[in-house]
Structures are given as structure tokens and as C-alpha cells.
Amino acid sequence: MALKVAIVGLPNVGKSTLFNALTQTAAAQAANYPFCTIEPNTGDVAVPEARLEVLARIAGSKEIIPARINFVDIAGLVRGASQGEGLGNKFLANIRDCDAIAFVARCFVDTDVTHVEGRVDPLADLEIIETELMLADLESLEKRKDSLEKRAKGGDKESIKTLSLVKLALEQLEAGRPARAAQVPEEDAKAWRMLQLLTSKPELYVANVDEGSAENGNALSALVAERAARDHASSVAISAKIESEIALLDPAERAEFLETIGLAEPGLNRLIHEAYALLGLQTYFTVGPKEARAWTIEVGQTAPQAAGVIHTDFEKGFIRAETIAYDDYVRLNGESGAREAGKMRLEGKDYVVRDGDVMHFRFNT
């Protein structure tokens with residue numbers, strides 16, 4: 001499943017440093033001046049999954065293949081971006097291609113790193129970004145509205161439906177609220193997504209704190225967490241600077257360093273897991289001597305849909321799925337032990353896959 005999360009924020013809030021840490025590369029130039037990121041950098045990142053290593057060890061798998069998530073480093077937005085200020089609409093368009101947005105807010109004070117607004121105020125930063133995205137959505141919808149009204153008057157059913165959704169979004173935006181505040185009928189969810197509204201995308205707030213606040217955050221990150229709770233969004237506090245240092249260490253050194261600074265795991269792990277949860281995703285596994293692999297599906301998807309993530313033919317010819325819960329697989333030391341204990345289930349087309357299921361699909365070719 002292709003999944004893209006845009007990393008968005010004002011210049012010099014630590015977006016590129018965070019991106020570099022995520023991808024464990026220096027692909028994005030981290031520099032102390034606005035617009036150092038000109039083209040959006042995309043990093044393909046493995047989703048941290050401790051269960052996958054356990055399964056591979058039990059099955060003797062030769063290869064471990066984790067699920068993947070793409071992060072896109074978007075150039076810094078500034079006040080007036082929707083009107084072309086800074087690098088403007090070019091980067092707003094890049095955000096439209098993503099599934100979710102991670103807003104990076106500067107929650108550290110450093111006189112050596114300039115702030116485009118001349119102050120450190122994460123809530124004001126978030127307000128600027130949200131406003132620019134709302135203005136961009138307003139402009140986009142107004143441009144579409146006239147042509148939709150003409151076609152709707154002619155009786156075009158699709159235009160009538162789309163126009164109603166455009167008006168629903170405009171109602172929210174004109175009232176100063178993001179499009180996601182609208183109550184969209186479930187049957188219109190797909191058409192709503194097709195509008196590609198920036199402010200309808202799920203949000204994750206990332207509070208970029210100083211090194212000393214990496215474990216517990218600080219007063220500024222607490223304000224971001226409160227804002228996230230108010231907006232029904234997720235939030236995570238991490239130190240991009242520390243994460244970029246952790247990313248360069250080998251596994252043994254990494255564990256020692258994390259223990260030294262009081263962290264159970266890298267903040268990036270929490271960020272990736274929050275992004276997963278934000279999009280309503282979960283993981284199931286396929287395990288064998290050749291490979292142990294994690295697959296990404298939406299919460300609530302059925303066994304045939306899960307099979308279709310591997311190959312469309314698996315979904316079309318689905319017969320049943322041999323299914324073992326992760327805990328049973330581990331406790332009973334693998335597939336044979338689970339089968340002997342009666343913990344391998346044969347599930348049909350209506351089975352809703354659970355997070356951590358170990359599955360083998362039977363299908364007609």
C-alpha cells in the first residue's frame with residue numbers, strides 16, 4: 001500500500017533534519033536559511049516492527065521485509081504562500097499528493113537558528129500554516145464551483161454530487177474552519193477524498209524540542225499537544241537533532257545511547273507509529289523459511305482485501321485464509337505448534353483481519 005506523509009512547517013523549524021533522520025541519509029540539505037529545500041525529497045522508510053523479527057526467528061526466515069511508509073520533505077511555507085509568497089503554490093501542490101500531513105512546530109530556542117517570523121511561538125506557526133492551507137483550498141474550490149454549477153444545471157449527476165460536497169467544504173472554510181470539520185456522509189467519502197483538499201487530510205503535530213527535552217518534552221511542546229487534542233489530531237514530541245545523531249549509530253550503540261538519555265525507543269519510531277494510527281492502518285504478516293514480511297492494510301479490511309495487497313489475483317481467486325494470531329504463533333513456537341494446538345483457523349471471505357494476524361492464503365488461479 002503506497003502511503004505518503006508530508007512533512008510541513010515554516011522554514012528552519014527542523015523539517016529537513018527530521019527527514020534526514022527518518023531516511024538515515026543527508027538527502028535533504030539542512031541549512032540555516034529559508035527555502036534550502038527546493039524540490040520535495042521523498043524518503044522510503046521501514047516501519048519499525050519488533051514482532052516481525054520474533055516471527056522470523058521462530059520460522060528461520062532468511063529475509064525480513066518490513067512494511068514501508070514514504071515521508072516527503074516539503075519546502076518551508078511562509079505567510080502568504082497561498083498567494084505565491086516564498087515558493088508558494090508549487091509546494092502546496094506537492095502536499096496534495098500526500099495522504100497525511102505532519103506539521104513540524106519549532107519548540108526549541110536557539111539564537112544560532114533564525115526564525116522567519118523573528119520569534120519562537122509554535123502555536124502561531126501552526127496557525128500560519130493552517131491558514132495558508134485553508135486559503136489554498138478556498139481558491140481551489142472557487143475555481144471549480146462555476147463549471148460544476150453549469151454542468152449540474154444540465155442534469156449531470158456526478159457534477160451535482162461533487163457540487164454539494166464543494167459547497168459543504170466552502171461552508172467550513174468560509175467560517176474559518178478546516179474542511180475536515182465537515183460531516184461527510186459515508187457514501188460520499190470517496191468523492192470527498194477526490195476533492196484533494198489540503199485541510200481534509202489527517203494531521204499529526206510534531207513538536208521539535210531541544211535535546212534536553214527529548215524524554216519529556218517542554219512547555220512549548222505541551223502547548224502543541226493541547227492544540228492537537230483540541231483539533232482531534234495526534235501529536236508527538238521529539239528532538240530532530242538527537243534523532244539525526246541516533247540514526248547514524250549502529251544498533252548496539254543506538255540502544256546504549258537511548259538508555260543514556262532515558263528513551264525506551266527512538267522518537268522516530270513513535271512518529272511512524274502515530275502516522276500509521278492516524279491513517280487507520282494495521283499490519284498482518286506472512287511467514288515462511290524464505291521470508292517474514294509485514295503487510296499494511298486498513299483497519300476493518302477483510303481477508304480477501306488483505307490478500308489483494310499481495311496480488312490482485314489473490315483477492316479475485318480467494319478461497320480461504322489459514323490464520324494464526326501473533327500471540328499464539330509465538331507461544332506455540334510457530335505454525336506446526338499452532339496447528340497441533342488447534343490455534344490455526346480457516347477463515348472465509350467475511351473474516352475481518354486483526355492486527356498481528358499471521359496469514360497464508362489459498363486461492364484459485
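Q: What does contact mean when the neighbours of a residue are listed?
A: This structure is a predicted model, and its contacts are judged on heavy atoms alone. Two residues are in contact when their heavy atoms lie within 4.5 Å.

Q: Which residues does L22 touch, not counting residues up to four places away in sequence?
A: Residues up to four places away in sequence are set aside here, and what remains is a list of six names that can be checked one by one in the model. With those set aside, L22 touches I7, V45, F71, L268, L271 and I272.

Q: Which strand gives the most residues to the largest nonpolar core?
A: The largest nonpolar core has 65 residues, and those that touch the most other members are L18, L22, I69, F71, I95, V206 and L271. The strand that gives the most to this core contributes 7 residues and spans residues 100–107, and that strand is β5.

Q: How many residues make up the second, separate core?
A: Apart from the core to which L22 belongs, there is a second one, and A152, L165, V166 and L197 are among its members. The number of residues in this second core is 15.

Q: How many residues apart in sequence are the parts that D73 and K15 tie together?
A: D73 and K15 form a salt bridge, with their closest N and O atoms 3.9 Å apart. D73 is buried at 0% relative accessibility, and K15 is buried as well, with a relative accessible area of 6%. Because D73 lies in strand β4 and K15 in helix α1, the pair ties together parts whose separation in sequence is 58 residues.

Q: Is E203, the salt-bridge partner of R180, buried or exposed?
A: The closest N and O atoms of R180 and E203 are 2.9 Å apart, and both residues belong to a network of salt bridges that also links E127, E130, R227, R230 and D231. R180 is partly exposed, with a relative accessible area of 27%. For E203 the relative accessible area is 3%, and since buried means under 20%, E203 is buried.

Q: About how many helical turns separate R339 and E335?
A: The side chains of R339 and E335 meet in a salt bridge of 2.8 Å, N to O. R339 is partly exposed at 44% relative accessible area, and E335 is partly exposed at 35%. Because they are 4 residues apart in helix α14, the separation between them is about one helical turn.

Notes:
Residues numbered from 1 in each chain as written. Predicted model: local features only at pLDDT ≥ 70, side-chain atom pairs only at ≥ 80, totals over all residues. Heavy atoms only, no water. Salt bridge = Lys/Arg side-chain N within 4 Å of Asp/Glu carboxyl O. Helix = DSSP H or I, 4+ residues; strand = E, 2+ residues; numbered from the N terminus. Buried < 20%, exposed > 50% of the residue type's maximum accessible area, 1.4 Å probe, protein only. Core = buried A, V, L, I, M, F, W, Y, C linked by side-chain atoms within 4.5 Å.
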